[in-house]
Amino acid sequence: MIKVENLKKRYGKKLVLDIGKLEFEEGESVGVFGANGSGKSTLIKCLTGLLPYEGKVYIEGKDISKDPSPLKSVGILVEEPALYKTMTGRQNIECFCEDTSNLDKYAEILDVKDLLDKKARSYSLGMKQKMGILLACVKGKKAVILDEPFNCLDIISIEKAIDLIVECQSSGATVILTSHQLELSQKAISKYYLIKDTKIYDFIQQDESVKIYSVEFNDQDNAKLAYEYLKEKSVDCEYKDYTVKIRLTDGDVYSLIGEAEQLKNVKKIEDVSNSVKEAYIAMEEGK
């Protein structure tokens with residue numbers, strides 16, 4: 001659906017993106033994660049023709065720098081939604097979208113039907129964001145590209161936005177989104193890329209036989225005692241602040257914790273095996 005070849009983007013002399021090859025298949029739901037300033041938004045703007053770039057971006061086989069026509073079926077939300085303030089939400093969407101057959105269905109999923117006939121100038125920041133998501137999803141018959149779509153949204157609104165994103169993907173649209181809400185975003189996407197130092201990396205799932213647990217203790221002293229005890233037992237683990245991260249190839253963490261006094265005062269245990277969040281943290285720490 002979307003293919004990138006030798007994409008480079010510079011701001012002055014500073015190289016911010018250097019991606020040799022990248023493909024987004026039809027009907028995929030893909031997340032792009034990275035730190036502030038890593039190039040996520042720049043990548044999105046290049047994919048949608050909003051920024052000039054070196055290299056090639058193809059949508060449905062067409063080089064969009066020469067033929068931008070495929071963008072007519074791509075829904076885009078980048079930064080703050082651009083809405084005509086004197087028009088209603090419905091009028092805005094009808095203005096930007098040739099086919100609005102899914103409008104009422106998608107508005108119901110997102111729970112914004114009451115906003116459709118109100119003028120955009122009356123919208124709060126969260127309302128504008130939801131209307132921007134709705135507009136992108138209605139327009140994006142072939143692809144929906146969302147840059148930080150969960151900005152300004154409360155947890156319930158995020159869940160409804162995820163429901164709508166999943167609906168778009170199940171209807172055949174390729175979905176690409178960036179977000180700092182890694183754990184919530186995992187509900188909407190099935191493939192992940194991590195971006196750092198101008199490069200983009202495919203997230204590869206680990207061996208399912210390896211289990212990784214994040215064990216949080218009530219205080220740092222308990223966490224340190226637990227770490228020292230586990231190292232003496234040759235358990236693969238890491239210690240940071242209140243948390244000990246444990247990697248196991250056999251057995252379970254609950255039996256391990258229950259066997260020693262040093263492993264008491266546990267506040268929370270979380271299975272983080274194949275977690276995009278953990279992969280992201282490891283990448284940022286250079287592991």
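An open sheet of four strands, ordered β12-β13-β11-β14 and paired antiparallel, is a good place to begin looking at this predicted model. Its edge strands are β12 and β14 (266-271), and each of them pairs on one side only. From one strand to the next, the twist averages 20°. Strands here are DSSP runs of E with at least two residues, while helices are runs of H or I with at least four, all numbered from the N terminus. Two strands pair if DSSP finds at least two bridges between them.

A word on how to read the numbers: residues are counted from 1 along each chain as its sequence is written, and side-chain values use heavy atoms, with hydrogens and water left out. Since this is a predicted model, local features need pLDDT of at least 70 and side-chain atom pairs count only at pLDDT 80 or more, whereas totals for chains, interfaces and linings use all residues.

**Strand pairs**

The table puts three pairings side by side, each with one pair of facing residues.

| Strands | Sense | Bridges | Facing residues |
|---|---|---|---|
| β11 (residues 211-217) and β13 (residues 243-248) | antiparallel | six | S214 and K245 |
| β12 (residues 236-240) and β13 | antiparallel | five | C237 and I246 |
| β3 (residues 29-33) and β9 (residues 191-196) | parallel | four | V32 and Y193 |

K211 also has a bridge partner in β13, namely L248. Between β12 and β13 there is a hairpin with two residues between the strands, and D241 takes a positive phi near 55° there. Helix α7 (residues 220-232) lies across β11, β12 and β13, and runs at about 160° to β12. Such angles run from 0 to 180 degrees between N-to-C directions, with axes drawn as lines fitted to C-alpha atoms, for helices over the stretch in contact.

**The six-stranded sheet**

The parallel pair in the table belongs to another open sheet, in which six strands follow the order β6-β7-β8-β3-β9-β10 with mixed pairing. β6 and β10 (199-202) stand at its edges with a single partner strand each, so one side of each has no neighbour in the sheet. The twist in this sheet averages 15° from one strand to the next.

Helices lie against this sheet too. Helix α1 (residues 40-47) lies across β3, β7 (143-147), β8 (174-178), β9 and β10, at about 150° to β8. Helix α4 packs on the sheet and touches β6 and β7, its direction making about 165° with that of β6.

**Two helices in contact**

Which helix comes within 8 Å of α3, axis to axis? The partner is α5 (residues 155-170), whose axis crosses that of α3 (residues 103-110) at roughly 145°. On the α3 side the contact is made by K105, Y106, I109 and L110, and on the α5 side by K160, A161, D163, L164, E167 and C168. Contact means heavy atoms within 4.5 Å. By type, the residues of this contact are six nonpolar, no polar and four charged. In this scheme Ala, Val, Leu, Ile, Met, Phe, Trp, Tyr, Cys and Pro count as nonpolar, Asp, Glu, Lys and Arg as charged, and the others, Gly among them, as polar.

**A residue to find**

Try locating L17, which lies in strand β2 (residues 14-24). L17 is buried, with a relative accessible area of 0%. Buried means under 20% relative accessible area, exposed over 50%, and partly exposed in between, for a 1.4 Å probe and protein chains only. Leaving aside neighbours within four places in sequence, L17 is in contact with L7, K8, K9, G39, T42, L43, I195 and T198. L17 and I200 are 183 residues apart in sequence, yet their C-alpha atoms are 8.6 Å apart in space.

**The whole chain**

Stepping back, the protein chain has nine helices and 14 strands. Its C-alpha atoms fill a box of roughly 65 × 45 × 35 Å, taken along the principal axes. Of the 287 residues, 48% are buried. Among contacts in the chain with a separation of 6 or more, 69% come from residues 24 or more positions apart.
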